Amino acid sequence: MNALVVSGLQKRFGGVMAVAGISFAVAPGEMLALIGPNGAGKSTCFNMLNGQLRPDGGRVMLAGRDITGLAPRRVFRLGVGRTFQITATFASMTVRENVQMALLSHAGEIRRFWRPAAAMHAAEAQALLARVGMDGQAHRAAGVLAYGDLKRLELAVALAHAPRLLLMDEPTAGMAPAERVALMRLARDLATTGGLAVLFTEHDMDVVFDVADRILVLARGELIAEGDAAAIRADTRVRQVYLGSGVTTGGH
Amino acid sequence: MNFLLLQALTGLAAASSLFLVSAGLTVIFGVTRVVNFAHGSLYLLGAYIGWSILTRLPTDPGWFVLGILLAGAATALLGLVLETTLLRRIYRAPELLQLLATFGVVLMVQDIALKIWGAQDLALPRPRWLRASVILLGERFPQFDLALIAIGPLVLLLLWLLFTRTRWGTLVRAATQDRDMVAALGVDQRMLFTSVFALGAALAGIGGALALPDGSANLQMDLSIITDAFVVVVVGGLGSLPGAFLASLLIGLLQAFGIVLIPGATSILVFAVMAVVLVLRPHGLLGRAQPVSRAEAPPSVVRAAPASLRWAGVAALALAIAAPLVVGPFALSVLTEMAVAVLFAASLHFMMGPGGMPSFGHAAWFGIGAYTAALAAKSLALPMPAGMLLAPIVAGTVALLFGWFVVRLSGVYLAMLTLAFAQIVWAVAFQSTGLTGGDNGVLGVWPAAWAADPRVFYWLALAVCLGATLALRRVLGSPFGYALRATRDSPLRAAAIGLDDGAIRLAAFAVAGACAGLSGGIAAYSKGSVFPSFIAIGHSVDALLMVLLGGVGTLAGPVIGALAYTGLYDALLLATDLWRFALGAIIVVLVLAFPDGIAGTAQRLWLRGREA
C-alpha cells in the first residue's frame, strides 16, 4: 500500500488558485521530490498534507486512512514528521531538549506534572542527534544555532516518533553544498533501509537529481510533469517553466 | 417606545465621548504599537485643564467651544512632552513593558493632579444654555447630549479626511500597515510618531473636557475611562478607526440599555459582548492580524540555577524561618505579606513567562480566592483550613471556565480580556453588597485558634506560599512545563510534534489562577478582612511589576521581584505621601534602565563571557 495518496487536492486564496487539484502518491521507501518555481504552490501543498491548511477540495490518504483536514497534532500522531521552510524550533530550549520534547509528546507523557523532564528520553534524543550529526551541540541553545544546524535539528525532531511519512520543506536551504549532500544521503538511507516515505521540496537541482526516485514538477498550482531525473531533464514543459519560453512576453 | 428612543439617544451620546477617547488610543496604537495606559491620564488632564480654563472664561457657547479646544491643545502639548521624553525610548520594548511604563505615568499624573487640583470632584457651573433641553416625542432630552451625538460622527469624518486627503495622513496609514517599510522609504518616523501621539492626546483631552458638563473632573476618571476605551479598541480591532467607531456605538448602547435590563451588572453585559466578539473574531470587529515587525530577541535558554544561587536561596529560607524569633510584630506582618506576594507573583509568572500569556487582570484570581476564604469563614462558618483549601479550588475552577475564552487570544488582546474580566469581578464584589459588603468589605476573618499567634500564622503562610511556589517551579521542569514553553516558543512546531496547545495553555491558566487564589486565601486570613481593592487594576499591576522587576525570563525572577517590590512599596508608603508619584517614577526608570529585571540583569552579567 502507498504511504501517502493525494487526489484532486485543491486550495484557493481569494482569486488565486494556489493548488489546482493535484494527485500523486508516495510509496514506502520512496523519495519523491516536489519542485517548481517560486509561487508554484509547493509549500501550500505541504501545509495541506500535515493539516496546517484545510484544502478546498480533494483527499489526503495516509496509509489508507483519510486524514484530510485533520489538525497537525493529529496528523503527527498518525506518523507524519515534518520540517519547515523557515525553521521552527523551541528557542528557549537546548538542542537536545528540542528532541526530547518530541519524544515526550510521542510517548504521551505531556500530562506529567511532577517528574523532571530533563532526564527523560535523554539517551534516545542523543542518539537521534547523532544520526543528523548534531550530538556535539546537544547542550547549546537552539536559538543561537547556525541555519544549517537548525535544519538538521529539525530533521532530528521530525524523526523522533519514527514516522512513516517525512515531509521536508526545503531541507537544505542555507547549507553548504557538502552538508546538503550529507543530509539528503541520510534521508535516502532512512528511506531505503527503514521503508520511510519521503516527500520533499528543494531548489537545488543537484540535490534533487542526486537523491530523488521520482520528481513532480508543479507550476502555478498544477502538476506539469512527473518522472525520474532523466525524464524531467528532457521534458520541454519543465524547461519552459524554469527557463521561460518567451510565450509570456508575446511569443515573437 | 419613547423611553427606548431616549435611552438610545443617551447611549449614542455616551458612544460619542467614548469614541473621542478610543479614536486617539487606537490611532496611537496603530502607528506606534504602544498600548498607552496613560491615555486615561490625558483624558483626566483634559478634564481638569478644561475646568480651569472654562471657569475663567465667559459662559457663552462660543467661549465654551474655545475653552474645550484650548484644553485639547494643552493635552496635545503634554502628549508631545510625554512622547519625546518617554515613549520614544520604549517603542522597541516588549508590549508589557510599554504598558507598565505608561502605567507608571498614570500613577505620577494622579499625584500631580491631586497636588494641583485637590481631592474633591470639580463640577462645572452649568449656565442656562448647557442645562437646556429639547422636547422629543413628549420627553425632555438635554440639548448638550444632542450636540455630543453629532460630535462623534463629525470627528470620524474629520479624521477620515485627515487620513485620506493629506500626505501626513497617508504616511500614518502606511505606518499603521508596515512601519518598517515606511522607515525604509526615508520617512522621518520620529516626527510622524510624535505628531500622531499629539493628535491622540488632543482627542483624549477634548473627550475629558467634554465630560465636564454631564459630570465632573475627578481623580478616578483615568482608570474608569481607560477600561472602557480598551474594551472599545479591542472590540473594534486595534488600530482600526472605523472599528473604534462601531465598537463605541455598540458599547455605548449596550451600557445605556444594560442599566435598564440588568441594573448594576452592565459591565458583565459589556464583558460578555467583548468575549463573544473576540472568540468569533480574535482581532476585533474590523481589525487585522498585526504584522510581526519587531525583531524580538529569542528567549534565553532556561537552565538550572548555579550552585551559588541555590545556596543563597537556602540561606534566605533559613533566615525567613528564623525571623519570627527576632523581629517585632510589624516586621512580621510585612514578612507575611511578602510570602503572599511571592506566590502571587510566581503564579502570574507561570502563565506569563513560560506560558507567554501576559495577564493584566491577575488580581481577579487573588480576589476570588480571598473572597472565597472570607465568605467560607463568615457565611458558611467553615474552619480556616477548609477556607484556605476552597480558595484555590474556586479560583482555579473559575479560571478554567474563563480560560476557555482567553487561551484563543494572544498578546495585547489576551491582556485586555483578562483586564476586562478582572474589572467584572471587581464590579461584582463592589456591587453585591448583600454578599460581599460592597466597599466595606468582609471583616473579621480571623485565623483558627491554633494559628492565632502571628508567628504561627507566619510560619503557616510561609510553608503554604513557599511550598506552592516551589511546586510551580517543579511543574515548570516537568514534561508539562516544557510543553507549555514549547507552545510559547513556536506554536507551529508544537502542533507539528503533536502538542495540543489550547489544552496546555488552558491547564496552565487554571493552575496559575488556582495558585493566585491560594495566595488570596492566605491574604484574607492574614489581613483579617477582604476588600474590593484586592481585585482593583492597581493590584493586578502590582503582580506584573513584581514579575517584571524580578525578570520574566528567569525562574528566580518572580521571587526576587516580589520581595523587592513589597519592600519598596512599604518603604515608599512610610516615607512620603507622594508614594504614587514616587512609585510611578521608579517604574518608568526601571523600564528604561533594566528591561530584563533584576534577576535577568544579574543573569546577563553572570553569563557574560561564560556562554557562546
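**Where the two domains of chain A meet**

**View 1. The buried surface between the domains.** In this predicted model, about 1300 Å² is buried between domain 1 of chain A and domain 2 of chain A, and carbon and sulfur atoms account for 68% of it. Three residues deserve a close look here: Phe76(A), Pro163(A) and Leu186(A) together supply 38% of the area that domain 1 of chain A buries against domain 2 of chain A, more than any other three residues.

**View 2. The two domains side by side.** Domain 1 of chain A is made of two segments, 1-79 and 163-252, while domain 2 covers 88-162. Taken over C-alpha atoms, the centres of the two domains are 26 Å apart. Across the boundary, 18 residues of domain 1 of chain A are in contact with 15 residues of domain 2 of chain A.

**View 3. Charged and polar links.** Zoom in on Glu179(A) and Arg152(A), which form a salt bridge with 4.0 Å between the closest N and O atoms. The count of salt bridges between domain 1 and domain 2 of chain A is one. You will also find three residue pairs in polar contact between these domains, both residues of each pair being at pLDDT 80 or more.

**View 4. The domain 1 side of the contact.** Helix H2 (72-77), strand E7 (165-169) and helix H6 (177-194) of chain A are the elements that each give two or more residues to the side of domain 1 that touches domain 2. H6(A) gives the most, with four residues. By class, this side of domain 1 of chain A has eleven nonpolar, five charged and two polar residues.

Technical notes:
Residues numbered from 1 in each chain as written. Chains lettered and ligands numbered in written order. Predicted model: local features only at pLDDT ≥ 70, side-chain atom pairs only at ≥ 80, totals over all residues. Heavy atoms only, no water. Domains from an automatic or database assignment. Contact = heavy atoms within 4.5 Å. Buried area = accessible area lost by both parts, 1.4 Å probe. Salt bridge = Lys/Arg side-chain N within 4 Å of Asp/Glu carboxyl O. Polar contact = N/O pair within 3.5 Å; in protein donor to acceptor, adjacent residues only side chain to side chain. Nonpolar A, V, L, I, M, F, W, Y, C, P; charged D, E, K, R; others polar.
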